[in-house]
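Me: I should be grateful for a close look at a single part of this structure, namely its nonpolar interior. Please explain it in connected prose suitable for a first-year student.

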Amino acid sequence: MKAFPEEDELIAEVNQANETIAARKIENFIDLPEMQDPEKLAAMVLLRECVPPAYFLGSRLLFILGIKMIELSLTYGNSPHSSVGYIYYSLTLAFVAQDFETAYKFGNLALRLNDDKYQMKRYEALILNMWGGFVSHYTEPLDRSKEHLMRGYYSGVENGAYQWAGYCAINFLFMCFWGTDSLKELSEKIDKIIPGLKKVDPNMVQYYYAVKATIYNLIEPVEDWSVLDESLWPNAKEIIKSCLEKNDLFTVFIEIACKLSLANWYSDSEKAIDYANAAEKYLIGATGIFINPAFHFHQCLALSVGYDDADGEKQAQYVEKIKSNLEKFKLWSQHSPSTYLHQRLLIEAELARITGKTLEAQDLYDQAISSARENKFLQNEALASELAAKFWLGKGKEEIAQLYMKKAHYGYQRWGAQRKVEDLEAKYPQLRRKLSATKSINSTHRTTTNSTSGSQSGEALDLATFMKASQAISSEIVLDKLLTSLMRIIIENAGAQCGYLILETEGKLRIKASGSVSSDIITVLQSTPIESVGAQGVAPLPVSIINYVARTCKSVVLNDAANDPKFAHSPYIKVHKPKSILCFPLQHQGKLAGIIYLENNLTTEAFTRDRVELLNLLSSQAAISIENARLYNNLTELNQAFERFVPGQFLQILDKKSILDVKLGDQVQQVMSVLFSDIRDFTTLSESMNPQDNFKFINSYLSHMEPAITDNQGFIDKYIGDAIMALFSGEADNAVKAGIDMLHHLTEYNQHRTASGYVPIKIGIGINTGSLILGTVGGKNRMDSTVISDAVNLASRIESLTKQYGISMLISHQTFQSLPDSNQYAIRFIDRVKVKGKSKAVSMFEVFDADPPETYEGKVATRTLFEEALLLYQGQKLRDAERLFAECLRRNPTDKVAQVYQQRCTQLDRD
């Protein structure tokens, strides 16, 4: 083995290992026989010891070492060292192949093998470090990974595995710092663990020192945040210099990653980009651990913030790099949304901002903030709020920017970054004035009559209520839910008894939502014109006031409506005699987005100046949210229409919100299961029908099959005449269950056909799991959604083999291997077949859960006998095989596969 293998050499090793494992169940590896060969046992120890130096030197050899260990175990049996090989291979699957499901299985195998069988305490810290530090944070909540690492640390201390205890400690540290801990909590943990770590593994202490110095620069009033204090990290410069000389990539990367994060927190985009570029050279030294995605996250933010100051060439490079990193976060967030979803959303928000997608950006910022808050990432919640504030400031929306900056200010305080808080205050003093001091907002758009100058009630909305209200409005995108939330918030906090939201629809102002304090019910999605005549012969609202607001975009505040000289003549006011009225516009980008009408019939002067001003401020967010929700509603309706032709799931996988976002050449690569089904002898069947009957039959059949696919989280990619091609993301379980359900639905469908005098039909189903490229192909005027992959071709070819064996459903070994628990199905191995276009034979398995009861029971009863016969057949012991296949047929005459094999044996024996 080379000390520094090339990437293609690594990929070749991974592919070979996958071939070795493909037709075997990982769960059964724990029952392999014991390794006896002393040379192989010695090789396992040598391979194990080579991994740590390979890691710190940034060599791909670390992955190959794990592969060699499992190859030895699978060939010569398990040993106490095998659990180490399995956990190293788990890292390879997670980081190199991005196959987190299989990585999780090998990680569990390593834990079980060591805990249940060998109980090698000195390996426990090693396994838990690799499991918690390298694999589980991609599949489990971060707190669970931290638990694994702490358990590994204490086990390592207790059992003398000090090096691995140290590794557990530093991985735990990184998860705390770039994760969910406050700086105070983390400082206390550092002070607690450093004394013990000095005794356990002094080399590991320097990483704690690096983070401690970084924390200091976030808390204390240092002059230069980019200089890490050597009194906190002793001999830092000499250590880094020595590491560079020794090619210790890991330590160098840690120092630069800390400084990159500081640069982002202190909004120094120039230094941040420099640090991001420098750190990338040493990134391979931090393979797989939590600091790796933390770096990619901060790299994206550095590039997006520095985008505006870059030249055109660099801007293009920045966008390309951000998109490349975003693909990683999309995958990670699918498997561990609690850790990676908010980071993905914030990167998407920044990408939308720099590419001019304003509406998309503002929604993504809110989603990122909400997700970070929900999952307790204090620092990222504050950072997302600060970036959102800058976004709004760049749009000239200082009032909205002020709201988000308040959130950032509060978030950094909660995190404990006092020096950062002061930096924020110094850079944005204009955004820190108290909301209650805002006196001029929208003043040029407000007219007040009969107001009393001394009527300030002191009942203005407090900041917490206001922020909560704004957040509730901004976080909702579904129109009816938004209108409900908006009306409830405004009525409850404005001092109104009732309220109405008016929107322009089809050229007319119409009431779209209404509510009152006397009822919890908010009526939404009405469409009552404001000019309509009610039961008392007058319009439901004062038309003159609403038209005035619509025409002038100025607020109207009537402190005593019945005595107002301008509007008292309104028929509505004469009949209903309201005391206080507030009517104000919702504006977005200089255009009227809606009108809010509020009443209080108990008291005059109900709508004080403070309340009006704050409601005007809140109205900016309300207008934006309404416009977004209406757009979203329109796009939803459009998508629903298009989904009959382009599946909604296809759009989701392409990460497109609407069919309007899809462009020619859009594509994404993903591991999915492909289900291909076809009607047997359809050509003969169709020839007996006229074209009209043909279409009627096809649509009847397909409508019976579709629910089986959609109910199991799949979607139909295309119909090809009578054939169906469906795709399933996630576990292969969904595809297999869909295939079984299709066959059950077919049984019911055939009962209807038979009752109507038609012959029953048969279908074949083939399923394969593999990497696909989903995207769009075509030309300027006509394009189509499609899937390009050898996995699709293989699924089709497997389906065609169901005819050869006389069975209904076959799955590939890739699908079989992807099932979390194959024992829940009725499955038996059928054959390894050279399929056209494949260089290697493909293992195939029959799924017979949907067989008729007699056939099903017969196959279950003879499964062991059938498999024994297959082994004899593959070993060219044809007469013995033929005898056992004949016995299978005697016990189960409906077993078509046994019949095929018996005939093969007879023919080959004659030849």
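Reply: **The nonpolar interior**

In this predicted model, the largest nonpolar core comprises 167 residues, and the members that touch the most others within it are Y86, F174, Y208 and F253. Helix α8 contributes the most to this core, namely 13 residues. One may follow F253 further: leaving aside residues up to four places away in sequence, F253 touches A279, Y282, L283, A286, I291 and F295. A second core, separate from the first, has 65 residues, among them I740, A881, V897 and A898.

These cores belong to a protein of 911 residues, of which 55% count as buried. The secondary structure comprises 35 helices and 15 strands. Among the contacts with a separation of 6 or more, 66% are between residues 24 or more positions apart.

The aromatic residues deserve separate attention. A pair of aromatic rings is described by two quantities, the distance of the centres and the angle of the planes. Across the whole structure, a search finds 35 aromatic pairs. One of them joins Y86 and F106: their centres are 6.1 Å apart and their planes stand at 40°, a tilted arrangement. Because Y86 belongs to helix α4 (residues 82-95) and F106 to helix α5 (residues 100-118), this pair ties together parts that are 20 residues apart in sequence. Y86 and F106 are buried.

F106 also pairs with Y89. Here the ring centres lie 5.0 Å apart and the planes meet at 85°; since planes over 60 degrees apart count as edge-to-face, the pair of Y89 and F106 is edge-to-face. Y89 lies in helix α4 and F106 in helix α5, 17 residues apart, and the pair thus links distant parts of the chain. Y89 is buried, as is F106.

F174, already named for its many neighbours in the core, reappears in a cluster of rings. Ring pairs link F174 with F177, W178, Y207, F250, W265 and W415.

Helix α9 shows how a single element takes part in this packing. It runs over residues 183-200, which makes 18 residues, and from its first C-alpha to its last it reaches 25 Å, close to the expected 26 Å. The helix nevertheless bends by about 35° at I194, and the proline P195 follows within four residues. Its buried residues are L183, L186, I190, I193, I194, L197 and V200. These buried residues of α9 pack against four helices: α7 (142-159), α8 (162-180), α10 (205-219) and α19 (398-415). One of these partners, α8, is also the helix that gives the most to the largest core.

Two residues with a particular backbone may complete the account. Most residues other than glycine have a negative phi. N235, although not a glycine, has a positive phi of about 60°. N235 is found in the loop between α10 and α11 (236-246), and its relative accessible area of 48% makes it partly exposed. C553 likewise is not a glycine and has a positive phi, of about 55°. C553 lies in the loop between α23 (543-552) and β5 (555-558). In contrast to N235, which is partly exposed, C553 counts as buried, because its relative accessibility is 15% and the cut-off for a buried residue is under 20%.

Definitions and conventions
Residues are numbered from 1 along each chain as its sequence is written. This is a predicted model: local features need pLDDT of at least 70, side-chain atom pairs count only at pLDDT 80 or more; totals for chains, interfaces and linings use all residues. Side-chain values use heavy atoms; hydrogens and water are left out. Rings of Phe, Tyr and Trp (its six-membered ring) pair if their centres lie within 6.5 Å; planes under 30 degrees apart count as stacked, over 60 as edge-to-face and the rest as tilted. Helices (H or I, at least four residues) and strands (E, at least two) are DSSP runs, numbered from the N terminus. Buried means under 20% relative accessible area, exposed over 50%, partly exposed in between (1.4 Å probe, protein chains only). The expected span of a helix is 1.5 Å times one less than its number of residues. The bend at a residue is the angle between axes fitted to the seven residues ending there and the seven starting there. Contact means heavy atoms within 4.5 Å. A nonpolar core is a set of buried Ala, Val, Leu, Ile, Met, Phe, Trp, Tyr and Cys residues joined through side-chain atoms within 4.5 Å.
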